[in-house]
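Welcome! Below you will find a few exercises on reading a protein structure, each with a worked solution. Try each task yourself before you read on.

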Amino acid sequence: MKTLREPLAARRPANVTVISLDDGGEIDLDEVLAGLVREPKRLSPKLFYDARGSELFNAICKTEAYYPTRTERGILTGQAEAIAQAVGPDCVVFEFGPGDMSKVRLLLPQLLPSAYVGIDIAKVQLVTAAEALAFEYPWLEIFAVCADFGVGLPEQLPLPPGRRRVVFFPGSTIGNFEPDEARAFLGLLARMVGADGGAIVGVDFQKQTALLDRAYNDPEGLTRAFNLNVLTRLNRELGADFDERRFRHHAFYNETRRRVEMHLVSMVSQVVHLAGRQIRFEAGESIHTENSYKYTPESFAALATAAGFGSDRLWTDERNHFGVFFLSPS
C-alpha cells in the first residue's frame, strides 16, 4: 500500500509522525452518486467529518442532551486503573476516529503505552490533535494516520517491535455500522491486534426512546447543523447545488431496528444537480445519513464473540446507559 510520510513541520513536536494514505479524506463521487440515485437514498456518515463537521460534533458532545460522551468519559475516568490493568503496560494503542483525542487522555496516565496511533479521515483535526497530545506527553511516540477505517494500516509504520497491540474505539462508533459490518470490522480488529492483543470498545445501550430522540435532536440545533453540513460539503467539494433551506433534519429511534436513524428530508419536490446528473426528490423524500445501533450487554458480547473476540471485562455507569468493553481475541 502506497503511503506518504510527511516531512516534519516547522513547529511540529519531534514525537509526532504524520502519514497520509492515498485518497485519505477525499469524497468518492461514484459512491455519492450511487447513494443518491438508489431507493431509498443514502449517504455515508463519513461525509460528516470535514473540518466544520468535526467542529460541530465536538460541540454536540458537550451538550446536556447528548449523554453518551459524558457518560463514557465518566466510566473511563473512574475505571482507568482497572482498564490499564486489563490491558497491561507498554502496549501500542490504535484509535480509530479519535476526534480531539480527549478520551484517550483519560487513560494515558494509567495506561503508559509505548506508542499511540490515531487514524482518521479528518486530516486537519487529526494533525492538530496529535500535535497537542504530543506537547502534553513528550515521552509518547505518536503517529497521525490520515485514512478511512476500512483501508487497514501501512505495514511500514515504525512501531516499537514486540509490543501488545490494543485498539481503543470509544464513542459507540461501532453503532454506526450495520450489524454485519460491525462484525466484519471487529473481525478486522481481532486480526490486526493478534492473539495477545485486545480492544477497548465503547457501546451505547438500549434505553428509553425519549432519551434517545432528545440526544439526536439537541435544543441547541447542533445536530441539525451537523447533518445539513453534509449538503454544504457536497456543494463545496463536488460542485452540487443543494439548497439547505429545502431540507430538514430528522432523527428518531427506530424501536423495531434498535437504532437511531438520521435523515435529511426534502421539504419540496425538487431537482439537485451533481456531476452532470439530475437527482430528483419528491416532497417528504429523505436521504438516510446515519444509523446508531443500540445494544444490550448480551447482544454486543455475542457480536464480539462472532467476530473472534471474547468479552473479558465490562464497565458501565450506574444507570447502565453505556458500557466500555475490553475484548481479547478468543
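The exercises start with the whole chain and then turn to single strands and residues; keep in mind that the model is predicted.

**Exercise 1. The whole protein**

Task: Describe the secondary structure and the overall dimensions of the protein.

Solution:
- Step 1. Start with the elements: the protein has 11 helices and 15 strands.
- Step 2. Turn to compactness. The radius of gyration is 20 Å, close to the 20 Å that the globule rule gives for 330 residues, so the protein is as compact as a globular protein of that length.
- Step 3. Along the principal axes, the C-alpha atoms fill a box of roughly 60 × 45 × 35 Å.
- Step 4. Look at the inside and the surface: 53% of the 330 residues count as buried. About 14500 Å² is exposed, and carbon and sulfur atoms supply 50% of that area.
- Step 5. Check how the chain meets itself. Of the contacts between residues at least 6 apart in sequence, 70% join residues at least 24 apart.
- Step 6. Finish with charge: there are 36 positive and 43 negative side chains, and the centres of the two sets lie 1 Å apart.

**Exercise 2. A covered strand**

Task: Find out how strand β4 is covered and which strands join it.

Solution:
- Step 1. Strand β4 spans residues 92–96, and five of its five residues are buried.
- Step 2. Sort the side chains by direction. Val92, Phe94 and Phe96 point one way, while Val93 and Glu95 point the other way, and all of them are buried.
- Step 3. Recall that strands of a sheet pair through backbone hydrogen bonds, either parallel or antiparallel.
- Step 4. Now name the partners. Strand β5 (residues 115–120) runs parallel to β4 and is joined to it by five bridges. Strand β7 (residues 165–169) also pairs with β4 in the parallel sense, over four bridges.
- Step 5. Follow one residue to both partners: Val92 stands opposite Ala115 in β5, and its bridge partner in β7 is Arg165.

**Exercise 3. The edges of a sheet**

Task: Work out which strands stand at the edges of the open sheet of four strands.

Solution:
- Step 1. Write down the order, β3-β13-β10-β9, and note that the pairing is mixed.
- Step 2. Read off the ends. β3 (41–42) and β9 (247–254) each have a single partner strand, so one side of each is left without a neighbour in the sheet.
- Step 3. Examine one pair: β9 and β10 (residues 259–266) run antiparallel and are joined by eight bridges. Within this pair, His249 has Leu264 in β10 as its bridge partner.

**Exercise 4. Backbone surprises**

Task: Look at the backbone at Pro40, Met101 and Arg258, and say where each residue is found.

Solution:
- Step 1. Begin with the general rule: most residues other than glycine have a negative phi, and most peptide bonds are trans.
- Step 2. The peptide bond from Glu39 to Pro40 is cis, with omega near -5 degrees. Pro40 lies in the loop between α1 and β3.
- Step 3. Met101 has a positive phi, near 65 degrees, and is found in the loop between β4 and α5 (102–105). Its relative accessibility is 0%, so Met101 counts as buried.
- Step 4. Arg258 has a positive phi too, near 55 degrees, and its place is the loop between β9 and β10. With a relative accessible area of 38%, Arg258 is partly exposed.

Technical notes: Residues numbered from 1 in each chain as written. Predicted model: local features only at pLDDT ≥ 70, side-chain atom pairs only at ≥ 80, totals over all residues. Heavy atoms only, no water. Helix = DSSP H or I, 4+ residues; strand = E, 2+ residues; numbered from the N terminus. Rg over C-alpha atoms; globule rule 2.2 N^0.38 Å. Buried < 20%, exposed > 50% of the residue type's maximum accessible area, 1.4 Å probe, protein only. Contact = heavy atoms within 4.5 Å. Areas by Shrake-Rupley, 256 points an atom, 1.4 Å probe, with all protein chains shown as cover. Lys, Arg positive; Asp, Glu negative; His and termini not counted. Charge placed at Lys NZ, Arg CZ, Asp CG, Glu CD. Pairing = 2+ DSSP bridges.
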